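User: I would like to go through some labels on this structure and see what each one rests on. Please set the values against the cut-offs.

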There are 4 protein chains.
Amino acid sequence: MASVFAGIYARGAAAGAVSGGAWLGAMLEAEAALARACARAGQMPVPAAEAIAAACREEELDPHELSREAAEHTSPVVPLVQALRARVGPDLARYVHLGATSQDILDTAAMLVSHRACGAILTDARTAARAAARLAEEHRETVMAGRTLLQHALPISFGLRAAGWMVGVDTATRRLAGVRERELVVQMGGPVGSREPAIAAAVASELGLAAPVIPWDTMRVPIGSLASAVGVLAGALAKVARDVTLLAQSEVGELREGASGRGRSTAMAHKRNPVAAISVLACARRVPGLVATLLGAMEQELERAAGAWQAEWGTLSDLLALGGSAASWTRDLLEHLEVEPDRMRANLTRLAKAGVTEAADPRAHLGGASELIDRALAAHRS
Amino acid sequence: MASVFAGIYARGAAAGAVSGGAWLGAMLEAEAALARACARAGQMPVPAAEAIAAACREEELDPHELSREAAEHTSPVVPLVQALRARVGPDLARYVHLGATSQDILDTAAMLVSHRACGAILTDARTAARAAARLAEEHRETVMAGRTLLQHALPISFGLRAAGWMVGVDTATRRLAGVRERELVVQMGGPVGSREPAIAAAVASELGLAAPVIPWDTMRVPIGSLASAVGVLAGALAKVARDVTLLAQSEVGELREGASGRGRSTAMAHKRNPVAAISVLACARRVPGLVATLLGAMEQELERAAGAWQAEWGTLSDLLALGGSAASWTRDLLEHLEVEPDRMRANLTRLAKAGVTEAADPRAHLGGASELIDRALAAHRS
Amino acid sequence: MASVFAGIYARGAAAGAVSGGAWLGAMLEAEAALARACARAGQMPVPAAEAIAAACREEELDPHELSREAAEHTSPVVPLVQALRARVGPDLARYVHLGATSQDILDTAAMLVSHRACGAILTDARTAARAAARLAEEHRETVMAGRTLLQHALPISFGLRAAGWMVGVDTATRRLAGVRERELVVQMGGPVGSREPAIAAAVASELGLAAPVIPWDTMRVPIGSLASAVGVLAGALAKVARDVTLLAQSEVGELREGASGRGRSTAMAHKRNPVAAISVLACARRVPGLVATLLGAMEQELERAAGAWQAEWGTLSDLLALGGSAASWTRDLLEHLEVEPDRMRANLTRLAKAGVTEAADPRAHLGGASELIDRALAAHRS
Amino acid sequence: MASVFAGIYARGAAAGAVSGGAWLGAMLEAEAALARACARAGQMPVPAAEAIAAACREEELDPHELSREAAEHTSPVVPLVQALRARVGPDLARYVHLGATSQDILDTAAMLVSHRACGAILTDARTAARAAARLAEEHRETVMAGRTLLQHALPISFGLRAAGWMVGVDTATRRLAGVRERELVVQMGGPVGSREPAIAAAVASELGLAAPVIPWDTMRVPIGSLASAVGVLAGALAKVARDVTLLAQSEVGELREGASGRGRSTAMAHKRNPVAAISVLACARRVPGLVATLLGAMEQELERAAGAWQAEWGTLSDLLALGGSAASWTRDLLEHLEVEPDRMRANLTRLAKAGVTEAADPRAHLGGASELIDRALAAHRS
């Protein structure tokens, strides 16, 4: 990701969780967990496992060197294992990566970086939802024009709009949390997926991940589920951001981004650009194409795919970084959003003048808004 | 969808569940359910509701006429309501579509057609998984070459490969079933989403759908969830089909499609084309782009979107039809799959000759395959 | 495509050009052209070719029957050839489909339906560009607020905005016209792509298509080029439509759709919905996912793909229909667009009040607008 | 892009041409070219322009600092201009970025990095095509089994297969070269797109890019054209790589990757993995989703888009890097491809045994293969 744009695309902690260093660290953790699992199963001496785990904690590996070697094997695990074997010395070398294949390590590392990146995404998304909840509560009776097909419709309460944002973000967040908890399963099937399940279970327990029913090698449901849960969340965040850009338009003026100093125009002093909302959209718009790539890459050949598997790594990294950045920007957006109730009322007056009788006494026409906000807040808190 | 290709793209019952007629019927059911819900809530006389429901059962509406009128309003609901009002006569006309907006009816209809289409998809996917379970059971000890990166690797059991298919299809099927049961929520928010929730709850109960926390108008999490669950299932099915095409290659010859008469070549008598597997792939490859379109369309404006909402209808229809066709073809594929254990063994011999010692005594190297198959079958049956 | 939505998704002539009947007709034309080409090359008697061509003109084939049979062979050509052979009788049967393979007929038919659909798309897109040219000419000095990031920026002329639309549509239209003329190449390579080029050249000449350098069987550059040219055009049309929806907002009110009667709201009499613009967006938003599917389907195996090829037919049909509908709606939109110069000036006054000095004397700040419009119109007419 | 995977995803020179540093450099070049163009047009003194150009050559800017500031303005140009103004001192500061807006600099920089990245892509793609030409020439009479739907079909010559690769890569390469030459147009329209065209023309001439008819601000045809041309090329490269993976299968063994040492398996000594082909596929599979993102981002609002524009930068960078890596890997693949004519003949014998009479005397059945190869080579050299 070109670094001059990182401030936009890589806000929040998810991007760091999928960096080259994070992947490398996760592969080392997978090797360490494997060694301990083998020791637990009596497949290697405990001291050997501890020596390997210690070697996995050293920080001297050069990701660029690995990358170059990785290109010779379509996988960075090959040079990683060579380096670890050199570190532990000839007596223990045979215990490194015992019974495993590159895909075991890479897939388990993918689950580990995803677990961490999703943790960051969820923290920001939940904070964003709480900020929306506050807006819903505070603006329960703040009337404004509803707008359908970008035309004035009947009055609504801004609190109800905010409640809609909250419910959407909450629902998508819970889905992602469920995937994170139950569907990020380690891979530990050995060269052709037939390794006994006890090793996978032990590795899962070491790493705080879930264990698979059986090795999932080329059946990429976990990747597809993860990708689409991030995709749905990004879509929910984009909806919030789109609304803010529209309600912040010069002619509308009902919302403003409040974070100080941000969004001043270079050329025009009167402008205050909705920077956070724009950044949410910039990130979120990049997501559906990445989800499609990962869904398309589920068509994997036999015991290891030739191309589709290798296409996942960068795509998944970008997806998690962008989903995380969208969540972080949305949190920032909603925590500092400035609402202009006077402007909302003034715009409604225009609607009343246009002959929409409901706009003359908008509170009488809010329907079940308050009850709906209560229901939404109750669901949010549950 | 061009009808000469319907045999490939529209196999099974899902396509019919999203046809123009099915959408029209679903919109009428939504209007009928609305009338009954209003009557239950005391908002209209029960006989009015029954008269409307009766009018909704008539089959005289012309979809082409509706389509033409729909284009004048970006929605087929406008002419539908006009037609219903004309049917019930001037006294009852005001009760038709009471308190509703076009989006209520269309979104509820979308959920209804999706519910039915998913029912068809699930039936075929579950049957496919059962066929895979039989293969796993029967071929527990059928040895064959594992293939990684399309190169021979260590021996595996074909039963384990089939178990992998089964687990993937099962997992994706359960996800879709969960979405179908809990996330296909009616829409009944009125013109700007503020209608009291009791009406939505009653409509949901009439139609056998779920009720939303609050109206979800432009917060399209249900659509995104549904689309991605179909997308993940299609990916799992594509994996099965890709394996079959590879194992059915002339040089490999380990699997054959068994449905009689199908797949004979026009030009070459010796060929037996893997027609079902190819059709699965033809359908499944069209899915990720449709999922991306629906995720991208989650960015919807304010109280009703100008474009993104209207983009959903055809996309969702195609997605469900193609997902359903992929499931139906996979069922057909797995129910009639012919396995060639002799050929599998012969191919392994070649591997043994190449110096892979494990290939000489493959059963000794199946590792935990049998235990894994048992675990997988237990999970399948649970 | 669900027919209740056809008014939105299938406006204009392109949809008809990719219907099931149109595909069937195109396959018959390809068979007829092949027969004549073979006769020209001395490979069959001229009367045989004429008898086959006559049989290809008959309209009795049932697309649903063909579709069913097609599913048995992953191609509708097999039953089509059987039907033609039955029609011409046992003596001539061997001349039907002489030396050809199903893919020859289907790919050539795909080029033929694409050629026709693109003709329809181009007619509507060019008419839309001409309507934009008129707006550019007429509103050369109509001042309005420029808006960047949806915030008021400096004044512009509406004519320049319209000229921008025109140039974009013109450029994308010329690209598509170039593809239509030079890259829609017949396929006539025989079972494995090695047929002599004279037959392809003669078929191309019969059908008014281009001839390939060599058969392109699984090298799908023509499909990729076509798809992306339609994709770029749809993107240009979407930009026009997005601008109209924004400038037609209740608070902005600078543009209105003018086609009489259209877009009245069911629930709210004061609304006038931008129906054409919304329909453009509904169609255009479905396009990028379809382009991605076709680009992804370029990865085709050896001499005929197992899945990716069969995925093209429906995708290409939908893409052309939607591109055509977007073009037809844009034409309608621009031909009837109502411009409100008074409202444009009034909105600028607000900007002047906000302290933007340029807004007080907007004409002095139009910069090179008039010169730019002249350049754009000159390029349009060239 | 996670650096441990850079060896796969970022091979060749294109990735460097879209790095953060390259973007920063291109923005500085755009500012320098603007200053000189203004001087040429008499809008600033020549010494001022030279001072600015000199300041733009300094290498002290910190991309991470810029990135952080960029996030406050949705653009890295704002802090860049501030830095340049500080460098040239208070007397000349007003000449920096004269009459320009951030989008002018960013879009022009985008065209510049694209021009350079495409240069790298084209060099590798053309070299790959030349390698395919050599294979076509050398293996004109090397017979092998054609394979349709992954089943044996009639014999072909491997030279014809290679010629098909060559023609596809050539055609896609020429399309991309045409876009690079004619459609990568500078942006220099000022805050709302109305700047006189002479400045854009002068900037274009300074930078070796094309000049637009009028500023294209939110009409993103150049981006769409560029993206789709890269997409089509990546599709053509993927076809080559897919064929190699299939023909290199253990059971087929007709092709092998020849680059020494690469692709040895960690676990299994007999394997020789098709590393380059897999890497081509890994890169190419990530491309269609990125193209779709850029086509979808053509829907841009009014004078500057809120989200869609900002989504382009990272997407375009990834697309060019991946397209370039795919081209570089394909070149490597084809330059070192090892062909096994004996194995090809042996596989044909199996076909003959299966009763395909053509396989018994394959040369008699190559049809127009040799003539087709000549045509293809002539087109390649023209």
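**Labels and their cut-offs**

Analyst: A:Glu251 has a relative accessible area of 1% and is therefore buried. Buried means under 20% relative accessible area, exposed over 50% and partly exposed in between, with a 1.4 Å probe and protein chains only. This is a predicted model, in which local features need pLDDT of at least 70 and side-chain atom pairs count only at pLDDT 80 or more, while totals for chains, interfaces and linings use all residues. Residues are numbered from 1 along each chain as its sequence is written, chains are lettered from A and ligands numbered from 1 in the order in which they are written, and side-chain values use heavy atoms, with hydrogens and water left out.

User: What makes C:Arg147 and A:Glu251 a salt bridge?

Analyst: The term requires a side-chain nitrogen of Lys or Arg within 4 Å of a carboxyl oxygen of Asp or Glu. In this pair the closest N and O atoms are 2.6 Å apart, so the rule is met. C:Arg147 lies in strand β1 (residues 143-148) of chain C and A:Glu251 in the loop between α10 (221-247) and β3 (255-257) of chain A, so the pair joins two chains. Strands (E, at least two residues) and helices (H or I, at least four) are DSSP runs, numbered from the N terminus.

User: Why does C:Arg147 count as buried?

Analyst: Its relative accessibility is 2%, so C:Arg147 falls under the 20% limit.

User: How do you know that A:Arg11 and A:Asp332 form a salt bridge, and what does the pair link?

Analyst: The closest N and O atoms of A:Arg11 and A:Asp332 are 3.4 Å apart, so this pair also fits the 4 Å rule. The pair links distant parts of the chain, 321 residues apart: A:Arg11 is in the loop between α1 (6-9) and α2 (14-17) of chain A, and A:Asp332 is in helix α13 (residues 308-335) of chain A.

User: Why is A:Arg11 called partly exposed, and why is A:Asp332 called buried?

Analyst: A:Arg11 has a relative accessible area of 23%, so it falls between the two limits. A:Asp332 has 9%, so it is under the lower one.

User: What joins C:Glu312 and C:Arg220?

Analyst: Their side chains meet in a salt bridge, 2.7 Å from N to O. Here too the pair links distant parts of the chain, with C:Glu312 in helix α13 (residues 308-335) of chain C and C:Arg220 in the loop between α9 (197-207) and α10 (221-247) of chain C, 92 residues apart. Both C:Glu312 and C:Arg220 are buried.

User: Which residues are joined into one network by salt bridges that share partners?

Analyst: They are A:Arg161, A:Lys239, A:Asp243, B:Asp217 and B:Glu303. Over all chains, the count of salt bridges comes to 112.

User: Why is C:Arg286 called buried, and what does C:Arg286 touch?

Analyst: C:Arg286 has a relative accessible area of 4%, so the label is buried. C:Arg286 lies in the loop between α11 (275-284) and α12 (287-296) of chain C. Contact means heavy atoms within 4.5 Å. Not counting residues up to four places away in sequence, C:Arg286 touches B:Thr293, B:Ala311, B:Gly314, B:Thr315, B:Asp318, C:Tyr9 and C:Leu322.

User: Why does D:Leu80 count as buried?

Analyst: Its relative accessibility is 0%, so D:Leu80 is under the limit. D:Leu80 lies in helix α6 (residues 77-88) of chain D. Leaving aside neighbours within four places in sequence, D:Leu80 is in contact with D:Leu24, D:Met27, D:Leu28, D:Leu61 and D:Leu66.
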